[in-house]
Amino acid sequence: MLLKLMKKEFYEFRKTGKLIAMIITFLIFSIVSPITAKIMPELIRSISSEITIIIPTPTWKDAFLQFFKNLNQMVFLIVVLLFIGSIAEEKNRKTAGLILSKGVDRKKWILAKFLFQISLVFILTIISFFLCYYYSVILFPDTEFDVSLQSCILFLVYMTFIISLTIFSSSIGNNIIQAGGIFITIFIILGILNMLSPVRDYNPIYLSSLENQWVTTGVEWNSAVKTIISSITLSVILIFIGLYSFNSQELE
Amino acid sequence: MNAIETEGLCKYFREKKALDNLNLEVPKGIIFGYLGPNGAGKTTTIRVFLNLVKPTKGTAYILGEDIRESRNYLRKIGFLPDVPNFYNFFTAREFLSFIADITDIENPKKRIEEILELVGLKNEKGRIGTYSRGMKQRLGLAQALLPDPELLILDEPTSSLDPQGRKEVLDLIHSLKDNKTIFFSTHILTDVERICDRIGILKEGRLLLEDDIENIKKRYRRRRILIEVDDLKRFSERIKETLKPNSIEVKNNSIIIEVLEIYNTLKEIPQIIVQENLLLEKLEVLEPSLEDIFLEVTNAT
């Protein structure tokens with residue numbers, strides 16, 4: 001049943017153009033990031049020709065810093081916008097009630113959405129990582145595969161948390177506005193908590209800073225263990241609460 | 001055996017009693033008309049049956065299964081919602097193919113073509129988003145019928161159809177009666193009168209009446225007679241003197257009387273006409289329509 005429901009999600013993404021939007025977003029940033037890192041100093045120099053600006057020589061680290069910055073901003077935004085209504089809008093449009101009245105298990109219905117979304121983001125992230133690595137190696141031959149790959153793993157953990165949060169918000173909200181409001185509220189709270197050092201190590205949002213830190217200063221798993229474990233734990237809790245909440249909801 | 005049976009079914013939304021101690025019995029193999037004014041609790045009843053909302057008290061047995069303990073019965077039900085909303089990106093075939101997939105239908109392609117033919121959507125190639133309300137209603141019926149369910153639950157199945165479409169859908173529902181039970185909620189009393197065997201009238205969450213249509217009509221027979229003669233004034237005076245009716249109403253060129261006992265009255269009327277040397281133009285015993293009964297039952301509470 002899970003696969004059948006995931007197949008429908010894939011079909012929906014394909015037919016509504018969401019899939020192509022995601023592919024383009026991921027691919028553009030994977031190609032553009034190393035190129036931007038390479039030509040940025042030249043661009044800055046050409047704009048301000050009368051002032052002498054000392055710009056350090058770009059390295060592969062700049063390429064991946066740019067790549068993760070784009071993933072954490074634009075790709076994050078696209079993912080949230082496309083996924084946030086996945087459950088709430090089906091409740092609002094009453095298609096959820098129609099499908100569940102066929103005897104489809106509510107938990108499987110939600111899990112299929114989660115698994116589809118996480119699979120899609122993981123596949124696209126991995127493809128775009130290799131593309132970014134490929135272009136980085138061309139432009140910066142000393143690109144370090146191990147460091148960039150391990151930073152990418154941190155991004156995948158971070159996205160697992162973000163997708164769990166969208167599923168949670170969408171399960172609780174009755175429409176896309178409510179779901180978006182729940183997501184933003186929690187995200188802002190986590191953003192504020194990220195400024196407090198005692199809890200920062202347990203905050204999933206801190207993972208996005210760690211990605212950059214690892215690229216810049218090298219991989220240090222010890223510093224990330226707490227954050228990774230708490231992110232995965234929180235993701236499981238969010239999915240669990242989302243499932244429990246949806247299971248007890250009254251549908252139209 | 002009953003296809004649907006409820007026992008003291010209650011559903012409260014905070015203070016509002018959407019369903020109040022509902023005891024309903026729908027025998028297998030019939031078309032059951034579920035009537036009630038807006039907000040009576042018809043759709044809530046259906047939502048409870050479909051496990052979309054949980055009852056506050058009491059329970060329902062659908063095809064022998066207690067809805068609080070099992071969801072397996074949902075596999076044997078076809079449901080058409082009052083406002084059918086589907087995934088707009090699908091075509092009708094794609095949508096039915098998805099439904100066939102999740103309901104494990106054997107030989108789905110053949111079945112989908114049969115059903116599309118049945119509901120008149122065989123030649124529709126466009127996406128559901130481009131469909132009219134009537135076409136969506138037909139597709140709703142198609143997805144409900146696709147798994148060949150034992151029990152069909154139809155919420156206002158003809159509300160958005162034109163007269164021709166309505167007739168076709170009613171004929172289709174009627175033709176399914178032999179091997180299915182149909183639970184049919186509607187406002188359109190003529191539809192119910194046309195195809196239903198048994199009805200339930202609901203108001204403010206309470207079942208006011210439940211019986212076979214024929215029994216209900218007998219029970220609510222008003223003993224009213226319409227007579228048309230050439231001299232209404234003379235005739236009405238004689239009627240008042242001789243029959244002493246409960247009420248007498250002169251309308252245009254006819255007279256309607258309501259009496260306590262109809263058979264003797266029907267014997268006496270021709271005698272009066274002969275004695276008064278009147279010309280009898282029309283004599284008709286008025287049966288109450290379902291609408292009359294519905295209004296009487298719902299207004300009485």
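User: Why is Asp66(B) called buried?

Analyst: In this predicted model, Asp66(B) has a relative accessible area of 8%, and since buried means under 20%, the value of 8% places Asp66(B) in the buried class.

User: What makes Arg68(B), by contrast, count as exposed or buried?

Analyst: Arg68(B) counts as exposed because its relative accessibility is 53%, and the cut-off for that class is over 50%.

User: How do you know that Asp66(B) and Arg68(B) form a salt bridge?

Analyst: The closest N and O atoms of Asp66(B) and Arg68(B) are 3.0 Å apart, and the rule asks for a side-chain nitrogen of Lys or Arg within 4 Å of a carboxyl oxygen of Asp or Glu, so the pair qualifies as a salt bridge.

User: What makes the salt bridge of Asp197(B) with Lys177(B) one that ties together separate parts of the chain?

Analyst: The closest N and O atoms of this pair are 3.0 Å apart. Asp197(B) lies in the loop between helix 6 (189-195) and strand 10 of chain B, whereas Lys177(B) lies in the loop between helix 5 (163-175) and strand 9 (181-186) of chain B, so the salt bridge joins parts that are 20 residues apart in sequence.

User: Why is Asp197(B) called partly exposed, and why is Lys177(B) given that label too?

Analyst: Asp197(B) has a relative accessibility of 25% and Lys177(B) one of 22%; because the partly exposed class lies between the buried limit of 20% and the exposed limit of 50%, Asp197(B) counts as partly exposed, and so does Lys177(B).

User: How do you know that Glu9(A) and Lys113(A) form a salt bridge, and which elements hold them?

Analyst: Their closest N and O atoms are 2.7 Å apart, which is to be set against the limit of 4 Å. The pair links distant parts of the chain, with Glu9(A) in helix 1 of chain A and Lys113(A) in helix 6 (residues 106-139) of chain A, 104 residues apart. Both Glu9(A) and Lys113(A) are buried, and they belong to a network of salt bridges that also links Lys8(A), Glu12(A), Lys18(A) and Glu90(A).

User: What makes Glu94(B) and Lys15(A) a salt bridge between the chains?

Analyst: The closest N and O atoms of Glu94(B) and Lys15(A) are 3.2 Å apart, and the pair therefore meets the limit of 4 Å. The count between chain A and chain B is four salt bridges, while the search over all chains finds 32. The contact itself takes 28 residues from chain A and 30 residues from chain B, and the area buried between them is about 2700 Å², with carbon and sulfur atoms giving 52% of this area.

User: How do you know that the length of helix 10 of chain A agrees with its number of residues?

Analyst: Helix 10 (residues 206-217) of chain A has twelve residues and should span 16 Å at 1.5 Å a residue, and because its end C-alpha atoms are 16 Å apart, the two values agree. Among its buried residues are Leu207(A), Leu210(A), Trp214(A) and Val215(A), and what covers the buried residues of this helix includes helix 3 (60-83) and helix 7 (145-172) of chain A.

User: Why is Lys244(B) called exposed, and what is its phi?

Analyst: Lys244(B) counts as exposed because its relative accessibility is 62%, against a limit of over 50%. Lys244(B) has a positive phi of about 45° although it is not a glycine, and it is found in the loop between helix 8 (232-243) and strand 13 (247-251) of chain B.

How values were computed: Residues are numbered from 1 along each chain as its sequence is written. Chains are lettered from A and ligands numbered from 1 in the order in which they are written. This is a predicted model: local features need pLDDT of at least 70, side-chain atom pairs count only at pLDDT 80 or more; totals for chains, interfaces and linings use all residues. Side-chain values use heavy atoms; hydrogens and water are left out. Contact means heavy atoms within 4.5 Å. Buried area is the accessible area (1.4 Å probe) that two parts lose on being put together, summed over both. Helices (H or I, at least four residues) and strands (E, at least two) are DSSP runs, numbered from the N terminus. The expected span of a helix is 1.5 Å times one less than its number of residues. Buried means under 20% relative accessible area, exposed over 50%, partly exposed in between (1.4 Å probe, protein chains only).
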